[in-house]
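Open the model in your viewer and show the side chains as sticks. The tour below goes from one selection to the next.

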Amino acid sequence: MIKMPLVYISLEEEERGFLEYVSTILKKLNLVPLILHSKTLLSDPIGYITQRQEEHSLYQQINKFVGNYFDRFETYVSFEGIEKVVDKLMCDHGVDMAFFRYKKQLFSKSLPEKVINSLQELKMWIYKDGCPHEITNLCIPVDFSERTLKQWDFLEYLKEHFSLNFRLVYALNVARLKNKLSPEEYQKLLKDKKDEAVHLLKEMFGDRELELDLLEEDPYNGLSKHINSENYNLILISKRGRGMAKFVGSVSQHLMRTVRCPLIVL
């Protein structure tokens, strides 16, 4: 399910927790990573001269920095923009999963958001600072679209390598109507939505005994609140919502920004 993992690093001390996390994951998966450091130069031809002078030094720094975490790895240094170089590595090296450390930006999108919006076929594993290395409790927000089956396929892949518990979560999105309906009308609506969700679950997964958590709230705040209040250490989401063919869904982007544990974005 993952053939060639890419690990983006920025040579900061804060990256060490990220590298410990990724090395633990990739050893379980028995995969050799491609380590990427991308540094965009603003000047040319002076920038090109600087590039040639820095390249060898950067390889040495990266190999020393990363060598404590991986037994085997390949190193790639680029002086192009991150989206462009990852696109190139997808084509030339078969990269199909990118590991990024999430760093919140005040006035712009984070680096994982920029990359995933540009390269929407790329799967991404996003680390959040301070998270433990274990993967034991997995949350899968579902919408019962075709993409839910892709999430399930990836779950089966993870279960081959990790001992984990998982729960499916579905946002009913009815709480906004609570004050607009009578208590009786609201309870009827809530029951109908729950029955519909159970029907969709059985339609998609047959007679499998699966636990489905139903949230009355919207998929934005409801999912974030639920995930952050439970003992999850990994979230498995789809980058697009129901009916979306091309664009990264707003719910997926919201979860990337707001949940406190790592995420896999398919």
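Which residues are linked in a network of salt bridges? Select Glu12, Glu15, Arg101, Lys103 and Asp129: these residues make up the network. Keep in mind throughout that this is a predicted model.

**The whole chain**

Zoom out and colour by secondary structure. The protein chain has 10 strands and eight helices. Along the principal axes, its C-alpha atoms fill a box of roughly 75 × 40 × 30 Å. There are 266 residues, and 48% of them count as buried.

Now show the surface. The accessible surface of the chain is about 14,100 Å², with 48% of that area belonging to carbon and sulfur atoms. Next, colour by charge. The chain carries 37 positive and 38 negative charges, and the mean positions of the two sets are 2 Å apart.

Contacts across the sequence come next. Of the contacts between residues at least 6 apart in sequence, 79% join residues at least 24 apart.

**Salt bridges**

The structure holds 14 salt bridges. Three more stops show individual pairs.

Select arginine 16 and glutamate 13. The two form a salt bridge, with 2.9 Å between the closest N and O atoms. Arginine 16 is partly exposed, at a relative accessible area of 26%, while glutamate 13 is exposed, at 56%.

Move to arginine 257 and glutamate 113. Their side chains meet in a salt bridge of 2.7 Å, N to O. This pair links distant parts of the chain: arginine 257 belongs to helix H8 (residues 250-258) and glutamate 113 to helix H4 (residues 111-118), 144 residues apart. Is glutamate 113 buried or exposed? Glutamate 113 is buried, with a relative accessible area of 2%. Arginine 257 is partly exposed, with a relative accessible area of 42%.

Then select arginine 167 and aspartate 213, whose side chains meet in a salt bridge of 2.7 Å, N to O. Arginine 167 lies in strand S7 and aspartate 213 in strand S8 (residues 212-215), so this salt bridge ties together parts that are 46 residues apart in sequence. Aspartate 213 is buried because its relative accessible area is 16%, which falls under the 20% cut-off. Arginine 167, at 29%, is partly exposed.

**Lysine 123**

Select lysine 123, in strand S5 (residues 123-127). What is the nearest side chain of opposite charge to lysine 123? That side chain belongs to aspartate 96, 4.2 Å away; lysine 123 is buried yet has no salt bridge. The pair is not in a salt bridge because the cut-off is 4 Å between a side-chain nitrogen and a carboxyl oxygen.

Now show the backbone of aspartate 96. Its backbone oxygen lies 3.5 Å from a polar atom of the lysine 123 side chain. To see the surroundings, add the residues that lysine 123 touches, leaving out those up to four places away in sequence: Met1, Asp96, Met97, Ala98, Phe154, Val265 and Leu266.

**Glutamate 160**

For the last stop, select glutamate 160. Where is glutamate 160 found? Look in the loop between helix H5 (146-159) and strand S7 (165-171). Glutamate 160 is exposed, with a relative accessible area of 62%. Add leucine 29 and draw a distance between the C-alpha atoms: the two residues are 9.0 Å apart in space and 131 residues apart in sequence.

Terms used:
Residues numbered from 1 in each chain as written. Predicted model: local features only at pLDDT ≥ 70, side-chain atom pairs only at ≥ 80, totals over all residues. Heavy atoms only, no water. Helix = DSSP H or I, 4+ residues; strand = E, 2+ residues; numbered from the N terminus. Buried < 20%, exposed > 50% of the residue type's maximum accessible area, 1.4 Å probe, protein only. Contact = heavy atoms within 4.5 Å. Areas by Shrake-Rupley, 256 points an atom, 1.4 Å probe, with all protein chains shown as cover. Lys, Arg positive; Asp, Glu negative; His and termini not counted. Charge placed at Lys NZ, Arg CZ, Asp CG, Glu CD. Polar contact = N/O pair within 3.5 Å; in protein donor to acceptor, adjacent residues only side chain to side chain.
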